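Take a look at the structure below. We will begin with one helix and then step back to the whole chain.

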Amino acid sequence: MTMTYELAQVNIARLKFPLDSPELKDFVDGLDPVNAVADAADGFVWRLQSDTGNATDVPVFGDEWLIVNLTVWRDTDALTAFMYQGQHRELLGRRYEWFERVQEVMTTLWWVERGHRPTVQEAEERLLHVREHGPTPRAFTLRTSFPPPSAE
């Protein structure tokens, strides 16, 4: 794998309840510990965060009920290794307690040049692209992924 590209990942979720509600307490309480594990994970590069230390207050698609998680990883293997183990896996298993089930694509991946930090606007565009065109080299999913541009 080329070392000139890194993997950007965005996932958004539609809240069922306000972030400060008792129904979301376990989710909110789990954010800092899970983010700390991500920050220390092999292959983790960067994550979007505001002054709060997370991105729950960063607007996405102009919808106050959506929250965004935007990260950069070394590759799909590093992202997958983090996603499906430990406390993140536990929280992932409870996602439907806290977030609405939606039909449209809420997660996408794309390759960025090493050192590039994607913006929410860029992430929104990539999500819209995969929703309209399905997985392509421009925006894809873990299930249907593409190699970095220089490896094609």
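Start at helix 1, which covers residues 25-40. It has 16 residues. From its first C-alpha to its last, helix 1 reaches 24 Å. That is close to the 22 Å expected at 1.5 Å a residue. Keep in mind that this is a predicted model.

Now follow the helix along. At L31 there is a kink of about 35°. The proline P33 comes shortly after this kink.

Next, ask which residues of helix 1 are buried. They are F27, G30, L31, V34, N35 and A38. Buried here means under 20% relative accessible area. So L31 appears twice in our tour: helix 1 is kinked at L31, and L31 is among the buried residues.

Step back to the chain. It holds five helices and four strands. Read along the sequence, their order is β-α-β-β-α-α-α-β-α.

How is the chain packed overall? Its C-alpha trace spans about 50 × 35 × 30 Å along the principal axes. The radius of gyration is 15 Å, which agrees with the value near 15 Å for a compact globule of 152 residues.

Then look at contacts. Take those with a separation of 6 or more. Of these, 75% link residues 24 or more positions apart.

Finally, consider cover and surface. Of the 152 residues, 43% count as buried. The chain exposes about 8600 Å². Carbon and sulfur atoms supply 50% of that area.

Key:
Residues numbered from 1 in each chain as written. Predicted model: local features only at pLDDT ≥ 70, side-chain atom pairs only at ≥ 80, totals over all residues. Heavy atoms only, no water. Helix = DSSP H or I, 4+ residues; strand = E, 2+ residues; numbered from the N terminus. Expected span 1.5 Å × (residues − 1). Bend = angle between axes of the 7 residues up to and from the residue. Buried < 20%, exposed > 50% of the residue type's maximum accessible area, 1.4 Å probe, protein only. Rg over C-alpha atoms; globule rule 2.2 N^0.38 Å. Contact = heavy atoms within 4.5 Å. Areas by Shrake-Rupley, 256 points an atom, 1.4 Å probe, with all protein chains shown as cover.
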